[in-house]
Amino acid sequence: MKEAAESAVAESIIEDNEICDLLRDIPVLQDKMIIDLVNGLEVAREHIGVRNQRNHSITSRAWDALTGRAARRQQHIDQNIAEGLRTTAMWLENLQVGQIQTDRALTYVSNKLLETRNGVQKLVYKHLELKATLELLDERLLMYQQRTNALQDEVRSIGLRLSAKNHMDKEFDKWEAGGYKKFAPLTQMMLVLEALNWGSFGKYDKENPEFREQVYDKCCIVLANREGINDRHLPTAEWLTPVAKEKDVHKKMFAFFFDTELAPMQNVVSRIMQQDMRNCDLEELIKTTLLEKSKVIPLIYSSKRLSERLLTESRTRLELEGQYAEGF
């Protein structure tokens, strides 16, 4: 008997487990179980109501006891209540299992959210570190760019200076070697200074006039060495007289270059070349006709002062006429 009871209990447990599995796999069984529970309780309530009514009559109570109806009614009540309790226990157990799974899922999700929060915080810290690093790199890049620009400006300045120095030496070497010997001393100097203003020297001199004094000195040296004109004051007419004797082709060239009111000294040279001065006192004509009427040209000039004026007039004329050609 004991073994049979144990076997029945084991079978009941197995059956309950199978029912729980079915409840998990087929959710609509839960709804059916709840409905059956309610119906069973309703039947039990009706049986109890009938029993209470018949208990008021001794005859009915005796008849029910004699026929066994009271016992059957009580058995139905007990069965329905027991089955309802069993169904309720299984439902609650299945609900508890679902609740446990839900709690586990919530715990898992909560842990993942916490991990995500920690990851986001680390990402924010990394972002701030990266931002600081980028700002530092930006500052260093700006400093590097400034140094690079300064070096580029310095290299450019050195390049311009070397080009200007080479240009100046080239023109004066050519002059001293006799490259302009076919012209009068004054026109030689005008051509050299004009060439300087049109080239690398003029471009650099516009930014840094460090070579100007050297140019004036070189003009004095070449005039002294080649033409025997020392750096002393000479009447302006003596400077201009040889200009009147230039060849016609030279006169046309000088007229093309210097026939402008923007440069008084150069304009005087151009006007002298354009006049017919044969069979006349050139010095007197230049002095009385051109210089006295000009009123802006001194009557005497030294080599250095004359070179200063011619270089300035050439630069001014080219800039005002928009003919200043940088970098030629």
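## R156 and its partner E207

In this predicted model, R156 has a relative accessibility of 43% and therefore counts as partly exposed. The side chain of R156 meets that of E207 in a salt bridge, with 2.9 Å from N to O. Because R156 belongs to helix α4 (residues 69-176) and E207 to helix α6 (residues 200-207), the pair ties together parts that are 51 residues apart in sequence. E207, at 49% relative accessibility, is likewise classed as partly exposed, a value that stays below the cut-off of over 50% set for exposed residues.

Side chains of opposite charge can pair when their charged atoms come close. A search of the whole structure finds 11 salt bridges, and the pair of R156 and E207 is one of the contacts that fit this description.

## Further salt bridges between distant parts of the chain

R161 forms a salt bridge with E210, and the closest N and O atoms of this pair are 2.9 Å apart. The contact links distant parts of the chain, since R161 sits in helix α4 while E210 sits in the loop between α6 and α7 (212-227), 49 residues apart. R161 counts as partly exposed at 36% relative accessibility, and E210 is partly exposed as well, with a relative accessible area of 35%.

A salt bridge also joins K304 to E213, where the closest N and O atoms are 3.2 Å apart. Here K304 comes from helix α12 (residues 303-320) and E213 from helix α7, so that distant parts of the chain, 91 residues apart, are linked. K304 has a relative accessible area of 25% and is partly exposed, and E213 is partly exposed with a relative accessible area of 42%. In addition, D205, R212 and R315 are connected to one another in a network of salt bridges.

## A positive patch on the surface

Which residues gather in a patch of positive charge on the surface? The patch consists of K181, K182, R226 and K247. Membership requires that a residue form no salt bridge and have over 30% relative accessible area. K181, which lies in the loop between α4 and α5 (185-197), counts as exposed at 62% relative accessibility.

## Aromatic pairs

The structure holds 2 aromatic pairs. In one of them, F172 and W175 form a tilted arrangement, with 5.9 Å from centre to centre and 35° between the planes. Because F172 and W175 are 3 residues apart in helix α4, about one helical turn separates them. F172 is buried, and W175 is buried too.

How far apart are the ring centres of Y204 and F211? The centres of these rings are 5.8 Å apart and their planes stand at 40°, so the pair of Y204 and F211 is tilted. Both Y204 and F211 are buried, that is, each has under 20% relative accessible area.

## F257 and S314

F257 lies in helix α9 (residues 248-258) and is partly exposed, with a relative accessible area of 31%. Although F257 and S314 are 57 residues apart along the chain, their C-alpha atoms are separated by 9.9 Å.

Conventions: Residues are numbered from 1 along each chain as its sequence is written. This is a predicted model: local features need pLDDT of at least 70, side-chain atom pairs count only at pLDDT 80 or more; totals for chains, interfaces and linings use all residues. Side-chain values use heavy atoms; hydrogens and water are left out. A salt bridge is a side-chain nitrogen of Lys or Arg within 4 Å of a carboxyl oxygen of Asp or Glu. Helices (H or I, at least four residues) and strands (E, at least two) are DSSP runs, numbered from the N terminus. Buried means under 20% relative accessible area, exposed over 50%, partly exposed in between (1.4 Å probe, protein chains only). Patches are made of residues with over 30% relative accessible area and no salt bridge: like charges are joined within 9 Å, nonpolar side chains (Val, Leu, Ile, Met, Phe, Trp, Tyr) within 5 Å. Accessible areas come from the Shrake-Rupley method with a 1.4 Å probe; for residues, only the protein chains shown count as cover. Lys and Arg count as positive and Asp and Glu as negative; His and the chain ends are not counted. The place of a charge is taken as NZ of Lys, CZ of Arg, CG of Asp or CD of Glu. Rings of Phe, Tyr and Trp (its six-membered ring) pair if their centres lie within 6.5 Å; planes under 30 degrees apart count as stacked, over 60 as edge-to-face and the rest as tilted.
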